[in-house]
Amino acid sequence: MGKDSKAKDSGAKGKGKQAAGGSEDGASKGKGKGGKGDGLGTCTYVKARHILCEKQSKINEAYKKLQEGWLDSGDKVPPAEFAKVAAAYSECPSGKKGGDLGWFPRGKMAGPFQEVAFNTPVGVTSAPFKSTHGYHIILSEGRKN
């Protein structure tokens, strides 16, 4: 599927606060940020919400809702508002719970999903990206060791 990287790249152009472009470099970047202690790339558990759609057009529609309400003005998406968009757009069973995935350990989620989840700063919404399950947007809500 040659579209995988294309979908990831198309969503990565933004205001720099989206984390979909993060790679294994994200782990070393997180360790180098002194003072904040955000644990990017070094934490063991992440708390997140997500939106999952089978079609790229639908995830882009959901992301547009988030952009119009918050991201375009530089604001962070409040979890309650992300939950409303997840309930309306997500095709994952977690959509009924506002996309809430709760706390999950490193190694539980596969490939790109784990990469984005563990490299998105708390309170930040990722750009849309593709995994083996479809297209996602993640809202990072917490991290701990």
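Ser94 counts as buried, at 7% relative accessibility. Since this is a predicted model, take that and everything below as computed from predicted coordinates. Ser94 sits in the loop between α4 and β2, and its side chain makes a polar contact with the side chain of His50, at 3.3 Å. Leaving out residues up to four places away in sequence, Ser94 touches His50, Gly99, Asp100 and Leu101.

**The overall layout**

Zooming out, the protein chain has five helices and four strands. Read from the N terminus, the elements go α-α-β-α-α-β-α-β-β. Of the chain's 145 residues, 43% count as buried. Take the contacts between residues at least 6 apart in sequence: 69% of them join residues at least 24 apart.

**The 17-residue core**

In soluble globular proteins, nonpolar side chains tend to be buried together. Here the largest nonpolar core has 17 residues, and Ile51, Leu66, Phe82 and Ile137 are the ones with the most contacts inside it. Four elements each supply at least two residues of this core: β1 (45-53), α3 (56-69), α4 (79-89) and β4 (134-144). What does Leu66 contact, leaving aside its neighbours within four places in sequence? The list is Ile51, Leu71, Val77, Phe82, Val85, Thr125 and Ile137.

Helix α4 is worth a closer look. Its buried residues are Phe82, Ala83, Val85, Ala86 and Tyr89. Looking down the axis of α4, these buried residues fall within an arc of 165 degrees, so they line one face of the helix. The face turned away from that buried side carries the exposed residues Ala80, Lys84, Ala87 and Ala88. As for what covers the buried residues of α4, the cover includes β1, α3 and β4.

One of those buried α4 residues is Ala83, which counts as buried at 16% relative accessibility. Setting aside its neighbours within four places in sequence, Ala83 is in contact with Arg49 and Gly98. Ala83 and Lys96 are 13 residues apart in sequence, with 8.8 Å between their C-alpha atoms.

**The second core and the Phe cluster**

Apart from the 17-residue core lies another one, of ten residues, among them Ala48, Phe104, Ala117 and Phe118. Two of those names come back when you look at the rings: Phe104, Phe113, Phe118 and Phe129 form one aromatic cluster. The count of aromatic pairs in the model comes to three. One of them is Phe104 with Phe113, a tilted pair with 6.3 Å centre to centre and 45 degrees between the planes. Both Phe104 and Phe113 are buried.

Why is the Phe104 and Phe118 pair edge-to-face? The ring centres are 6.1 Å apart and the planes sit at 80 degrees, so the pair gets that label, the cut-off being over 60 degrees. Phe104 lies in strand β2 (residues 100-105) and Phe118 in helix α5 (residues 111-119), so the pair ties together parts that are 14 residues apart in sequence. Phe104 is buried, with a relative accessible area of 1%, and Phe118 is buried with a value of 1% as well.

**Arg143 and the charges over rings**

Is Arg143 buried or exposed? Arg143 counts as buried, at 14% relative accessibility. This residue lies in strand β4, and a polar atom of its side chain lies 3.4 Å from the backbone oxygen of Phe118. The backbone oxygen of Thr120 is 2.4 Å from a polar atom of the Arg143 side chain. Arg143 and Phe104 are 39 residues apart along the chain, and their C-alpha atoms are separated by 9.5 Å.

Two lysines lie over ring faces. Lys130 is over the face of Tyr135, while Lys144 is over the face of Trp103. Here are the distances:

| Lysine | Ring | Distance from ring centre |
|---|---|---|
| Lys130 | Tyr135 | 4.9 Å |
| Lys144 | Trp103 | 4.3 Å |

To pull it together: one core has 17 residues, and the other has ten, including Phe104 and Phe118. Phe118 also has its backbone oxygen 3.4 Å from a polar side-chain atom of Arg143.

Methods. Residues numbered from 1 in each chain as written. Predicted model: local features only at pLDDT ≥ 70, side-chain atom pairs only at ≥ 80, totals over all residues. Heavy atoms only, no water. Phe/Tyr/Trp six-rings, centres within 6.5 Å; stacked < 30°, edge-to-face > 60°. Buried < 20%, exposed > 50% of the residue type's maximum accessible area, 1.4 Å probe, protein only. Lys NZ or Arg CZ within 6 Å of the ring centre and 35° of its normal. Core = buried A, V, L, I, M, F, W, Y, C linked by side-chain atoms within 4.5 Å. Contact = heavy atoms within 4.5 Å. Polar contact = N/O pair within 3.5 Å; in protein donor to acceptor, adjacent residues only side chain to side chain. Arc of directions from axis to C-beta.
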